[in-house]
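Take a moment to turn the model around on your screen. Then follow the chain with us, from the whole fold down to a few single residues.

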Amino acid sequence: MGKKTEMAEIASALEDITRALQQTNELLQALGQLGTDSPKAREQPDPGDVTATVAGPNLEIAEEATLAPRATAASTGDEEILRTLAEQHGLGVPMEQLIAFRNTERPNSRPRYWAIANFALHSRNPRLFLFDVVEDEIGRYLCAHGSGSDEDHNGMLDRFSNVDGSGCSSRGIYVCAETYMGDNGYSMRLDGQEDTNNRARHRAIVVHGANYVSPEFVEQHGKIGRSLGCPALEHRYTRDVIDALKQGSLLNVWKA
């Protein structure tokens, strides 16, 4: 009898241990589920968890998909404004060239100001067009062409050249670069982006002010003076135009 009693007590003890282990397991499972639902657990997935490893890139793609329409909308927005303004002045072609260049070569660039020098116009006319996509408006300024581009000095540009010493204006798209103080005062360097103007920095083709660019000069001579190839401006507007375009805006020197 004593032996049977001892066996019964052992069996009862084993049952108690089993129940305790089950309760401990259930508690651990509950705690594990709670940890999975916590923000900290979501922010720090187990590196060995295949599902967590895949989720990282997927989340990045989702963010990009959300941002992409906004970037496209911004691009579409400034393009619509630029095209509308350009068409009002017969500058649809050079504006399309600028937009295509931006979208291809500088897709993340969203300058407020863009510029076109329309050298199809006589020099007595304001022919540097400054486009403002924020205010949806255009400013117009007198702008000189090079003496080599107008050898008989009749106020009309006859030819472009990219050759050293030609004194000519160079056709094409420029990226407006850094500013400096030179012999002509506050000035801005230009980096030509095409075969027709890629020697601009070497030739010191820059935006600067000039005494021969003014309404008074036009009144006296019927035209403005000529530069050595630089798109020179009226002194009183030089700083405003340069500050609008410097460090990344685009300029298209063009003639139909």
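Among contacts in the protein chain with a separation of 6 or more, 56% join residues 24 or more positions apart. This is a predicted model, and its protein chain has six helices and nine strands. The chain counts 256 residues, and 38% of them are buried. On the outside, the protein chain exposes about 14700 Å², and carbon and sulfur atoms supply 53% of that area.

Now look for the largest pocket. Its volume is about 180 Å³, and 13 residues line it. Which of these residues lie nearest the centre of the largest pocket? They are Asn184, Ala204, Val206, His208 and Cys230. Sorted by class, the lining of the largest pocket is made of six nonpolar, five polar and two charged residues.

Cys230 is a good residue to visit next. You can find Cys230 in the loop between helix 5 (215-221) and strand 8 (233-234). Is Cys230 buried or exposed? Its relative accessibility is 8%, and buried means under 20%, so Cys230 counts as buried. Leaving aside residues up to four places away in sequence, Cys230 touches Ala144, Ala204, Ile205, Val206 and His208. Cys230 also shows how a chain can bring together residues separated in sequence: Val207 is 23 residues away along the chain, yet the two C-alpha atoms are 6.1 Å apart in space.

One of the residues touched by Cys230 is Ala204, which brings us to backbone angles. Most residues other than glycine have a negative phi. Here are two residues with a positive value, side by side.

| Residue | Phi | Loop | Relative accessibility |
|---|---|---|---|
| His153 | near 55 degrees | between strand 3 (137-141) and strand 4 (172-182) | 24% |
| Ala204 | near 60 degrees | between strand 5 (185-192) and strand 6 (206-207) | 43% |

How should we class the accessibility of these two? Partly exposed covers the range between under 20% and over 50%. His153 has a relative accessible area of 24%, so His153 is partly exposed. Ala204, at 43%, therefore counts as partly exposed too.

Let us put the pieces together around Ala204. Ala204 sits in a loop, has a positive phi, and is among the residues nearest the centre of the largest pocket. Cys230, which is also in that group, touches Ala204 and is itself buried. Try finding the two of them in the structure.

Notes. Residues are numbered from 1 along each chain as its sequence is written. This is a predicted model: local features need pLDDT of at least 70, side-chain atom pairs count only at pLDDT 80 or more; totals for chains, interfaces and linings use all residues. Side-chain values use heavy atoms; hydrogens and water are left out. On a 1 Å grid over the protein atoms alone, a cavity is a set of points where a 1.4 Å probe fits but cannot get out, and a pocket is an open set with protein on both sides within 12 Å along at least five of seven lines; lining residues have an atom within 4 Å of a point. Grid points are joined across faces, edges and corners, and a volume is the space filled by probe spheres set on the points. Ala, Val, Leu, Ile, Met, Phe, Trp, Tyr, Cys and Pro count as nonpolar, Asp, Glu, Lys and Arg as charged, and the others, Gly among them, as polar. Helices (H or I, at least four residues) and strands (E, at least two) are DSSP runs, numbered from the N terminus. Buried means under 20% relative accessible area, exposed over 50%, partly exposed in between (1.4 Å probe, protein chains only). Contact means heavy atoms within 4.5 Å. Accessible areas come from the Shrake-Rupley method with a 1.4 Å probe; for residues, only the protein chains shown count as cover.
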